[in-house]
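Please open the model in your viewer and keep the selection tool at hand. The tour proceeds from one selection to the next.

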Amino acid sequence: MQKKFSAVLYKNTETKQQYHKPYYTPYEDYVSFKNGTNPNFAIVKIKNSNSTQFFREDMPYTKDSDYSGFARFLNERFSEGKVNVYDFACSDGSEAYSIAISLIEEMGEEEAQRFFPIQAIDKDKQIIKKAASGTIECDTVDIENITKNTHGKFDKYFEIIEQNGENYVLKVKEPLKNAVNFKMGKIEDRLDDVEGSNKVVLCRNMWPYLSKESMFKAVLKLSNLDNDSLVVIGNFDRDHEMPSLLPRAFQLIGLKELDNNMLIKDESFERRFSNRNDYIMTPFNSCNYTSN
Ligand SMILES: C[S@@+](CC[C@H](N)C(=O)[O-])C[C@H]1O[C@@H](n2cnc3c(N)ncnc32)[C@H](O)[C@@H]1O
């Protein structure tokens with residue numbers, strides 16, 4: 001279900017120290033604050049939000065919330081063998097289920113098992129508990145997108161167990177439920193668990209919620225991925241970045257864009273620096289904000 005992002009606005013009457021306390025500022029607010037054209041509200045701290053939806057439109061190779069292009073891309077890129085898919089910051093599971101459905105629809109249930117179970121991880125205990133119970137909330141837009149992406153086979157994957165106006169509670173049926181494995185954890189810690197070859201790491205629409213330290217930790221761990229690993233981010237990660245910090249950090253560790261929000265790890269990150277951590281830390285240190 002799409003919920004609104006919540007934000008706390010900080011007034012310009014606070015001290016400089018207080019100004020720099022919130023660690024994320026949408027770029028336009030930051031610029032207008034710097035220019036003095038936005039004297040009242042300058043810094044916006046983004047609060048954690050579980051906002052998500054089925055077939056969110058900012059997935060690579062996706063048009064009009066149709067994930068078949070994304071599934072085809074994965075199938076062609078990893079034409080054989082086990083594929084290790086990690087969905088960090090998975091929220092209620094909408095994203096992981098959307099991917100699982102499109103893989104099943106694209107290549108059939110048996111062949112799609114190579115990609116399963118998708119390891120879906122989120123730091124929010126409540127949302128993981130609920131997801132692991134096999135139910136999920138959604139709205140009419142989600143229902144339409146599920147119907148479209150399943151070619152009308154909604155009942156194969158879900159059962160509606162409750163409806164209240166435009167809001168629904170769905171029970172996830174077996175083939176789909178088994179395709180996703182939910183775990184609680186923070187990306188900056190759980191990236192150590194990423195294993196095997198053929199890795200796809202989804203970390204979408206979550207970077208603005210991370211402190212600078214957690215972001216640095218996560219980027220450092222992403223730098224350990226093998227070449228050819230795929231990393232997928234979301235539009236929200238771009239819209240709310242502090243002036244180009246995330247793209248710069250990704251560039252430093254050799255992540256290059258293949259398609260919108262789809263990055264590939266290539267050889268440009270050479271281990272020629274005596275202190276790799278310091279090298280990656282540079283853009284974080286030069287960033288004009290603190291998290292404490
Ligand atoms: C806006 S939702 C994104 C959901 C989904 N990835 C999508 O794009 O629709 C952000 C999720 O990030 C989770 N999150 C925030 N910080 C995290 C962290 N450090 N590690 C793992 N998950 C985190 C939140 O609990 C929330 O469920």
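Begin by selecting strand β5, residues 135-139; helices (H or I, at least four residues) and strands (E, at least two) are DSSP runs, numbered from the N terminus. Ile136 and Cys138 point to one face of β5 and are buried, while Thr135, Glu137 and Asp139 point to the other and are not. A residue is buried if 20 or more other C-beta atoms lie within 10 Å of its own, exposed if 12 or fewer, and partly exposed in between, with C-beta atoms placed from the backbone. In a regular strand the side chains alternate between the two faces of the sheet.

Before continuing, note that this is a predicted model, in which local features need pLDDT of at least 70, side-chain atom pairs count only at pLDDT 80 or more, and totals for chains, interfaces and linings use all residues. Residues are numbered from 1 along each chain as its sequence is written.

Next, add strand β7, residues 167-172, which pairs with β5 in the antiparallel sense over five bridges; two strands pair if DSSP finds at least two bridges between them. Threonine 135 stands opposite lysine 171 in β7.

Now select isoleucine 160 in strand β6, residues 158-164. Is isoleucine 160 buried or partly exposed? With 13 other C-beta atoms within 10 Å, isoleucine 160 is partly exposed. Leaving aside residues up to four places away in sequence, isoleucine 160 touches Tyr168 and Leu170, contact being defined by C-beta atoms, placed from the backbone, within 7 Å.

Turn then to the open sheet of seven strands, whose order is β8-β4-β3-β9-β10-β12-β11, with mixed pairing. Strands β8 (180-184) and β11 (255-259) stand at the edges with a single partner strand each, so one side of each has no neighbour in the sheet. Within this sheet, select β3 (residues 84-88) and β9 (residues 199-203), which pair in the parallel sense over five bridges. Aspartate 87 stands opposite leucine 202 in β9.

Select helix α3, residues 68-77, and display its buried residues, Phe70, Ala71 and Leu74. Viewed down the axis of α3, the buried residues fall within an arc of 100 degrees, so they line one face of the helix; the arc is that of the directions from the helix axis to the C-beta atoms. Their cover includes α4 and β9.

Finally, select the surroundings of the ligand. Of the 25 residues around the ligand, Thr52, Ala89, Ser91, Asp124 and Asn205 come nearest; a residue is near if its C-beta atom, placed from the backbone, lies within 6 Å.

Technical notes. Two residues are in contact if their C-beta atoms, placed from the backbone, lie within 7 Å.
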